[in-house]
Amino acid sequence: MNVPEDRRYTEDHEWALPRDGAVRVGITDYAQDALGDVVFVDLPDTGKSVATGDMLAEIESTKSVAEVYAPIDGTVSKVNERLTDEPELVNDSPYAEGWFVEITPDGESDLDALLDAEGYRAITE
């Protein structure tokens, strides 16, 4: 299982990567594998305010429907429009092309409260 060291993780299998003043969010390799083939992704609108733990997006796969939760407080500043036509990117490239949104943090983003790669591996092995 691929768990990049450069980002933080939630126990709900989201990843968060600081990027140009925002935080890019996606789901982990573990999560996409458990879901099976992703066939649809429902993304939020830009400008939506979210709090840690709020539902951020919904994923439909051939096996089930799953929710993606916000790892931090902030405002959705960008969505990955490619997922509308290419939801399979979530399976093919969960840490690169298959990201969901970017969130501009409200104040100080406490990414340190999230799991590091080693901590995430410990809950999935």
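## Exercises on two sheets, a pocket and one aspartate

In this predicted model, an open sheet of 3 strands follows the order β4-β6-β7 with antiparallel pairing, where strands (E, at least two residues) and helices (H or I, at least four) are DSSP runs numbered from the N terminus, and two strands pair if DSSP finds at least two bridges between them. Residues are numbered from 1 along each chain as its sequence is written. Local features need pLDDT of at least 70 and side-chain atom pairs count only at pLDDT 80 or more, while totals for chains, interfaces and linings use all residues, and side-chain values use heavy atoms, with hydrogens and water left out.

**Exercise 1.** Work out which strands stand at the edges of the β4-β6-β7 sheet, and trace how its strands are joined.

*Solution.* Begin with the edges: β4 (38-42) and β7 (65-69) each have a single partner strand, so one side of each is left without a neighbour in the sheet. On average, neighbouring strands of this sheet are turned by 25 degrees against each other, direction ignored, the axes being lines fitted to C-alpha atoms and the angles running from 0 to 180 degrees between N-to-C directions. Next take the pair of β4 and β6 (residues 55-61), which run antiparallel and are joined by 4 bridges; here F40 stands opposite E60, and V38 has S61 as its bridge partner. Then turn to β6 and β7, an antiparallel pair with 5 bridges, in which A57 stands opposite V68 and the connection is a hairpin through 3 residues.

**Exercise 2.** Determine the strand order of the sheet of 6 strands, and describe the hairpins of β1 with β2 and of β2 with β3.

*Solution.* The order is β1-β2-β3-β9-β8-β5, in an open sheet with antiparallel pairing. β1 and β5 (49-50) stand at its edges with a single partner strand each, so one side of each is left without a neighbour in the sheet. In the antiparallel pair of β1 (residues 8-9) and β2 (residues 14-19), 2 bridges are found, with R8 partnered by A16 and Y9 by W15. The hairpin of β1 and β2 has 4 residues between the strands, and H13 takes a positive phi near 80 degrees in it. Moving on, β2 pairs with β3 (residues 22-27) in the antiparallel sense over 6 bridges, among which P18 has V23 as its partner. The hairpin of β2 and β3 has 2 residues between the strands, and D20 takes a positive phi near 50 degrees there.

**Exercise 3.** Characterise the largest pocket by its volume and by the classes of its lining residues.

*Solution.* The volume is about 150 Å³. Of the 13 lining residues, D12, H13, A31, L35 and A66 are the closest to the centre. Both α1 (29-35) and β7 supply at least two residues of the lining, whose composition is 9 nonpolar, 1 polar and 3 charged residues. A pocket here is an open set of points, on a 1 Å grid over the protein atoms alone, where a 1.4 Å probe fits, with protein on both sides within 12 Å along at least five of seven lines, and lining residues have an atom within 4 Å of a point. Ala, Val, Leu, Ile, Met, Phe, Trp, Tyr, Cys and Pro count as nonpolar, Asp, Glu, Lys and Arg as charged, and the others as polar.

**Exercise 4.** Place the aspartate D29.

*Solution.* D29 is in helix α1, and a polar atom of its side chain lies 3.3 Å from the backbone nitrogen of N2.

Methods. Points joined across faces, edges and corners; volume = space filled by probe spheres on them. Polar contact = N/O pair within 3.5 Å; in protein donor to acceptor, adjacent residues only side chain to side chain.
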